[in-house]
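Visitor: Hi! Could you walk me through a few spots in this one?
Guide: Happy to, let's bring it up.

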Amino acid sequence: MSEKLLVPDIGDFENVEVIELLVKPGDTIKENDPIVTIESDKSSVEIPSTISGKIDTINVKVGDKVSKGDLLLSLSNSTKSLKESNLPKDTENIIKQAEEAMAANKEEQVNAPEPAKEKKQSIIQVTNGLDIDPLETQDWLESLSAVISKDGNQRAHFLIKELINKAYREGANIPYTQNTPYINTIPPEAEIKSNGDQNIERRIRSLIRWNAAAMVVRANKKFPELGGHIGTFASAATLYDVGMNHFWRAKNNKFGGDLVYFQGHSAPGMYARAFLEGRLSEKQLDSFRQEVKPGGLSSYPHPWLMPNFWQFPTVSMGLGPMLAIYQARYMKYLINRGLIKDEGRKVWAFLGDGEMDEPESMGAIGLAAREKLDNLIFVINCNLQRLDGPVRGNGKIIQELEGSFRGAGWNVIKVIWGSYWDSLLANDKTGQLVKIMNETVDGEYQAMKARDGAYVREKFFGKNPDTLEMVSSMSDKDIWRLNRGGHDPHKVYAAYDKAIKNQGSPTVIIAKTIKGYGMGKTGESVNTTHQTKKLDVDDLMYYRDRFDVPLTDEQVRNIEYFRPDEKSPEIRYIKERRLKLGGYLPERSTFAKPIKAPSKDIFDFMKVSTGEKEMSTTMALVRMLTNLLRDKNISPRLVPIIPDEARTFGMEGFFQKIGIYAHEGQKYEPEDAAQLSSYREDKSGQVLEEGINEAGAMSSWIAAATAYTNHDIEMIPIYIFYSMFGFQRIGDLAWAAGDSQARGFLVGATAGRTTLAGEGLQHQDGHSHLIASTIPNCVTYDPTFHYELATIFREGLRRMHEKKENVFYYITTMNENYSHPEMPKDKNCEEGILKGMYKIKEFNKYKKTKLQLLGSGTILREMMSAAEILQNDYQIDSEIWSVTSFNELRKDGMEVERYNLLNPDKTPKKSYVEQCLGSTEGPIMAASDYMRMNSDQIRPYTNNKSFYSLGADGFGRSDTRKNLRKFFEVDKEHLVAYGLSILAKEQLIASKYAKDAMKKYKIDGDKPMPTKL
Ligand SMILES: Cc1ncc(C[n+]2csc(CCOP(=O)(O)OP(=O)(O)O)c2C)c(N)n1
Ligand SMILES: [Mg+2]
């Protein structure tokens, strides 16, 4: 059968140019094979075939303009797509997915573990003192208790929900509460018990506590300026130990490993454990916070400084929670795309209760629930304190967090009370104990743990005669021993066990602890705990006794570390446990295979002139990516990430081609289903379309950019954003990316102060390169022409993903359309592009007066036009340099200058800037679409040549591109006038030429500085 392939619906476009033929007559093609690439003003898209067969004729050629319905080619032996002829493809997808979902549901029902039968909760909450009819209340509560014991929790929950619904329908608009009583989520009867040896585990924990504190105190004794934290880990030791002994599986050759985000300033505890495990020496502990000499231990988790140990930089509060959520999401992405196996790995994140106030901490919890990240577990250590004082003195942080997380759809497990409370709570027949638990605020809870048992008896149990009576037979010491959930290994174990078994939602464990647990009078539960880093001898003795650390008084006075003999039960136990769990944690390693950089010719099409055709560098980038998607090595590893700007950047063609990642596939037929660039969501989609959420997109990028260590697979993430909403918006995450040794591309699109006309102050970026330059391992470029972009991009692929260099790239692309010239044949051009500058043109007709003209990004073309005017109208020669990166030039200049100063006796080296400009003729004038500081960076490295920089300093504003450049004085007319003025100042020409030019171009010398307007 012979068939004809027509141009499909391409949306609002008509007469779109064919820029590439991807097939030829005689080829045999399959359905979905790309046939031609068409390109509108803004984007280029491949048209896939909907038929398979052998091509007889191709009816279009490069340069033709096509519209919907035009004939593309004819095929013989064709088989037309069933999808096309019978069902719209999306409908078919939906049916397929629905069938899969039904099957999965069934499976889930079959496989779902029988929920642990949670026995009757004997505690019934009495809400408050506003009860106008206690007897009636009692009747209702008893009925409820009867339902729970007869028909179970689910039934009781159903009835309560029905009651609330009924009340709502009858007009009682009762505010819905997301809170449960202030008691543990898991009742004692439902607790799964640990099979660990509790005595040994306690001894190990005590030694870790001691060594962690000793390490901080010793460092501060030596150098009081060093700082450190004891109180945080003291409150979290049990939370970590239970995980380390029983839950967290390390990476090894059989398993990918769980990923644990440790709370940054609890690092001393991790070092202390590694010391017992034999991974760190005493000498290393003694170099805590002394990182300048090799072998020191970093104050906080910094993969950059301890690249074989730390995996995640977490100490900038709020980043950890967000990064962990996107890490869990990215793990599912890799699984759903078939790039890694689903091994049931988990992501754990340890967070402080104070840290939860950071907007980033809670900012992505909705996504975690929406995407059903049951591979994610948050553990929030609620020691009720932050640095200065209580987190919620007048309220209850645990309840507040519970409400927010439950509201967002998380599985919430509260671990508030330790086992010593179990019997008291079981005897709370009247509900008065829970009532005072509910009513006591965190400020009181904190104060109680800073005092003693007598105080707790009076201030807590004394709130109500019933509760006071409950503890009448207990001594003050017994009361003092009533422990908090986060310090009880049994409760913590049960919570972790429940968390790892949870399906369909992320889990948050909210554990109540005591800040500075065991530190005694100076450090326990007092407002100054956070910064207590010196313990006097009495405190140390107390700490030793409190945790039964086997040290003599003399050893305590010397603040000695304690590590039992290698053959001791403790060391054997700790090693055995870790062996069972696959190895040590934290540990950073990578076994990822490099990705071979694509052959150079894949970018050849970007080395030829575009002729009449005009395009922006943003569009050139998208063209390049489209091409890369045809490289079988590179294609599956590309991870295009966009917040919500695919159409702005002309990337909508990716929707159909590689799909948008959606963990549930696409449950609806998109409105634009019939169009070529239809919004296609897919479970194995490749694009991460993150919504209007730059921080989330950056977190995804970091997850992808570190997949080489966290998942042992090298990925190539390319996050494309409005440049103004890049570094300025998510600067701290970019810093964390550097620390994490992320590898990938960040693209600041629509960049520059004057290329995005009409978008005003908020969108016009004239400084992102400067912010990017603050990150030591960030390599930045501001290219003008498509061949520069291609050269830079390919080198990025080679350096990062083939040679595994720990750098990441920031490249700006613009949205101004212009034609791109052929790549200069000069053999040094490529090297110059990569080093930061190369000579692109020279005017040398008059051989009298010369200027060195440096232009970058979009302003290079203004500079080239200015040079032409200077030559034609003023007989001034010039050499024009395309500066692809002032930042890279500065790095080289700094390094060379430093070397020369440190080696006064050796022949001085020449910076690359000096090599290019040092012996050229005439003063230098440099300009970019960024602040003057951008080009100013190379001023010191020009061998004392006169150097003048121009740039777009000041707030951006809306206007035409021409007017904006005039305003910021970087248009060709200003460049001509400034050029002449510079030559006059250097006494190379008379000043009247400059004055005349200013008059000609209507430039007012008294105009205020743009920064003041
Ligand atoms: C973004 C940020 N701001 C401030 C700090 C300084 N800081 C370090 S720890 C801390 C208090 C943390 O309290 P919390 O989260 O409750 O942890 P805890 O020590 O109580 O476990 C502060 C303010 C920081 N590390 N990061
Ligand atoms: Mg805290």
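Here is our chat about a surface patch, a sheet and a helix residue.

Guide: One thing before we start: this is a predicted model.

Visitor: Fair enough. Which residues gather in the patch of negative charge on the surface?
Guide: They are Asp-131, Asp-133, Glu-136, Asp-139 and Glu-142.

Visitor: Where is Asp-133 found?
Guide: Asp-133 belongs to the loop that lies between helix H2 (89-111) and helix H3 (134-151).

Visitor: And why does Asp-133 count as partly exposed?
Guide: Because its relative accessibility is 32%, and partly exposed covers the range between the 20% and 50% cut-offs.

Visitor: Nice. Switching to the sheet: in what order do the six strands come?
Guide: The order is S18-S15-S19-S20-S22-S21, in an open sheet with parallel pairing.

Visitor: Which ones are the edge strands?
Guide: Strand S18 (688-689) and strand S21 (778-781), since each of them pairs on one side only.

Visitor: How many bridges join S15 to S18?
Guide: Two, with strand S15 (residues 638-642) running parallel to S18. If you want a spot to look at, Ile-642 is opposite Glu-689 in S18.

Visitor: Great. Last topic, Met-244: buried or exposed?
Guide: Buried, because Met-244 has just 2% relative accessibility, and the cut-off for buried is under 20%. Met-244 sits in helix H6 (residues 231-247).

Visitor: How far apart are Met-244 and Arg-577?
Guide: In sequence, 333 residues separate Met-244 from Arg-577, while in space their C-alpha atoms are 8.0 Å apart.

Conventions:
Residues are numbered from 1 along each chain as its sequence is written. Chains are lettered from A and ligands numbered from 1 in the order in which they are written. This is a predicted model: local features need pLDDT of at least 70, side-chain atom pairs count only at pLDDT 80 or more; totals for chains, interfaces and linings use all residues. Side-chain values use heavy atoms; hydrogens and water are left out. Patches are made of residues with over 30% relative accessible area and no salt bridge: like charges are joined within 9 Å, nonpolar side chains (Val, Leu, Ile, Met, Phe, Trp, Tyr) within 5 Å. Accessible areas come from the Shrake-Rupley method with a 1.4 Å probe; for residues, only the protein chains shown count as cover. A salt bridge is a side-chain nitrogen of Lys or Arg within 4 Å of a carboxyl oxygen of Asp or Glu. Lys and Arg count as positive and Asp and Glu as negative; His and the chain ends are not counted. The place of a charge is taken as NZ of Lys, CZ of Arg, CG of Asp or CD of Glu. Helices (H or I, at least four residues) and strands (E, at least two) are DSSP runs, numbered from the N terminus. Buried means under 20% relative accessible area, exposed over 50%, partly exposed in between (1.4 Å probe, protein chains only). Two strands pair if DSSP finds at least two bridges between them.
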